Amino acid sequence: MRNLILVALIAIYTLGGTARAAESLTTESALEKRVTTLAQDLRCLVCQNQTIADSNAPLAIDLKNQIREKIGQGMSNDQIVDYMVQRYGDFVLYRPPVKATTIALWFGPAAILLLGLVVLFRYLARRRREQPADVPLTDAESERARALLGTTDKDSQ
Amino acid sequence: MNRYLPLAIFVVIAVFLGIGLYLDPREVPSPLIDKPAPAFSLPQLQQPEKTFSRDDMKGKVWLLNVWASWCVACREEHPVLVELARSKVVPLIGLNYKDERKDGLRWLAQFGDPYDLSAYDYNGRIGIDYGVYGVPETFLIDKKGIIRYKRIGVVTPEIVRDKILPLVRELNGNA
């Protein structure tokens, strides 16, 4: 009987242990998820075409630690992004904000595409206008064409 | 007119690409220009028991140079800083960035120490506050503690002559 109680106690104790471990693991992975989400929006300034989530450069690792620390201090995602922008400028954002200086960047490609479409349609319209209408050949003309092609009515029959 | 259109397009593209070729993508405009230099207080490299803080330099125009013994470009820049320090025009403070203390000290012993003192930023926290991403970086800070100029990369004699010295003169004269 005493053994049974002991076993039961051990079982309960270990169960509680795993439950606690699992709990801290989920909060930890939630934290890491937030760090990764934020890190994916921030540019690594050492290796400029990577996000700090993708980069293993020492600065990227420092910045990820910095994000983790700021989350620990209870800062919101926006506050953390602001913190980075204050230090590294808009360039740190992988998705640059729409501003006077970034208008060309945001709308340039669409504007060029639009311009291209306008040019294309005008060109097509003009070509259609300039094309002579389909007029059937006169008898003399078809006779001449046949002669040039070296065919006769007999051949075609 | 239409005959020259492809040529015109080519010229426009060539000019833009040409400009792009001469821009340095590493030179990112710093948001810290004309903003107060972030406050910090760090142990000194040579005398760990003493601290250096930003406010120690209040009322002075000074240079903060971020360096590390592992930074190859810092060696290139070093003679320029030694020369600048010899002229005693402007106080030069080092920020030893993400370095081992003994490596930093050995570096200074080997190449000479142009700094009035070096603050020791072991984990690079202060570097992050200053937006440091490529050592060496140099900040010119005015009497009120406002960052007036930032150089990312090697400080050359031309930069000292054309940018730093005129600005130091101006900042010292005005206040």
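Start with the largest nonpolar core of this predicted model: select B:L63 and B:F139, the two of its 51 residues that touch the most other members. Then add strand β3 of chain B, residues 62-67, which gives this core five residues, the largest share. As a general backdrop, nonpolar side chains in soluble globular proteins tend to be buried together.

**Strand β3 of chain B**

Keep β3(B) selected and show its side chains. Six of its six residues are buried, so the strand is mostly covered. B:W62, B:L64 and B:V66 point one way, while B:L63, B:N65 and B:W67 point the other way, and all of them are buried.

Now bring in the strands that pair with β3(B). Strand β6 of chain B, residues 137-141, runs antiparallel to β3(B) and is joined to it by five bridges. To find your place in this pairing, select B:V66 and look opposite for B:E137 in β6(B). The pairing of β3(B) with β4(B) also has five bridges, but these two strands run parallel. Here, pick B:N65 and its bridge partner B:G94 in β4(B). To get from β3(B) to β4(B), follow the chain through helix α2 of chain B, residues 72-87; this β-α-β crossover is right-handed.

**B:F139 and B:K150**

Go back to B:F139 and display its surroundings. Beyond its neighbours within four places in sequence, B:F139 is in contact with B:A37, B:L63, B:L64, B:Y130, B:I147 and B:K150.

The last of these is a good next stop. B:K150 lies in strand β7 of chain B, residues 147-152. Is B:K150 buried or partly exposed? B:K150 has 19 other C-beta atoms within 10 Å, and because a buried residue needs 20 or more, B:K150 counts as partly exposed. Leaving out residues up to four places away in sequence, B:K150 touches B:S30, B:L32, B:I33, B:E137 and B:F139. You have already met B:E137, which stands opposite B:V66. For a distance label, try the C-alpha atoms of B:K150 and B:I164: these residues are 14 apart along the chain, and the atoms are separated by 9.6 Å.

**Helix α3 of chain B**

Next, select helix α3 of chain B, residues 101-111, and look down its axis. Which of its residues are buried? They are B:G104, B:W107 and B:L108. These three cover an arc of only 95° around the axis, which puts them on the same side of α3(B). The spacing rule behind such a pattern is simple: an α-helix has 3.6 residues a turn, so residues three or four places apart point the same way.

Turn the helix around to see the other side, where B:K102, B:R106, B:A109 and B:Q110 are exposed. To see what covers the buried residues of α3(B), show β4 of chain B, residues 92-97, which is included in that cover. Then step just past the end of the helix to B:G112, which takes a positive phi of about 100°.

**Across to chain A**

Finally, colour by chain and zoom out to the contact between the two chains. Chain B brings 12 residues to this contact and chain A brings 13. On the chain B side, the residues divide into six nonpolar, four polar and two charged.

Then select chain A alone. Its secondary structure consists of six helices and zero strands, giving the pattern α-α-α-α-α-α along the sequence. Of its 157 residues, 13% count as buried. Among contacts in chain A between residues at least 6 apart in sequence, 42% join residues at least 24 apart.

How values were computed: Residues are numbered from 1 along each chain as its sequence is written. Chains are lettered from A and ligands numbered from 1 in the order in which they are written. This is a predicted model: local features need pLDDT of at least 70, side-chain atom pairs count only at pLDDT 80 or more; totals for chains, interfaces and linings use all residues. Two residues are in contact if their C-beta atoms, placed from the backbone, lie within 7 Å. Ala, Val, Leu, Ile, Met, Phe, Trp, Tyr, Cys and Pro count as nonpolar, Asp, Glu, Lys and Arg as charged, and the others, Gly among them, as polar. A residue is buried if 20 or more other C-beta atoms lie within 10 Å of its own, exposed if 12 or fewer, and partly exposed in between; C-beta atoms are placed from the backbone. Helices (H or I, at least four residues) and strands (E, at least two) are DSSP runs, numbered from the N terminus. The arc is that of the directions from the helix axis to the C-beta atoms. A nonpolar core is a set of buried Ala, Val, Leu, Ile, Met, Phe, Trp, Tyr and Cys residues joined through C-beta atoms within 7 Å. Two strands pair if DSSP finds at least two bridges between them. A crossover is right-handed if, with the strands pointing away from the viewer, the path from the first strand over the helix to the second runs clockwise.
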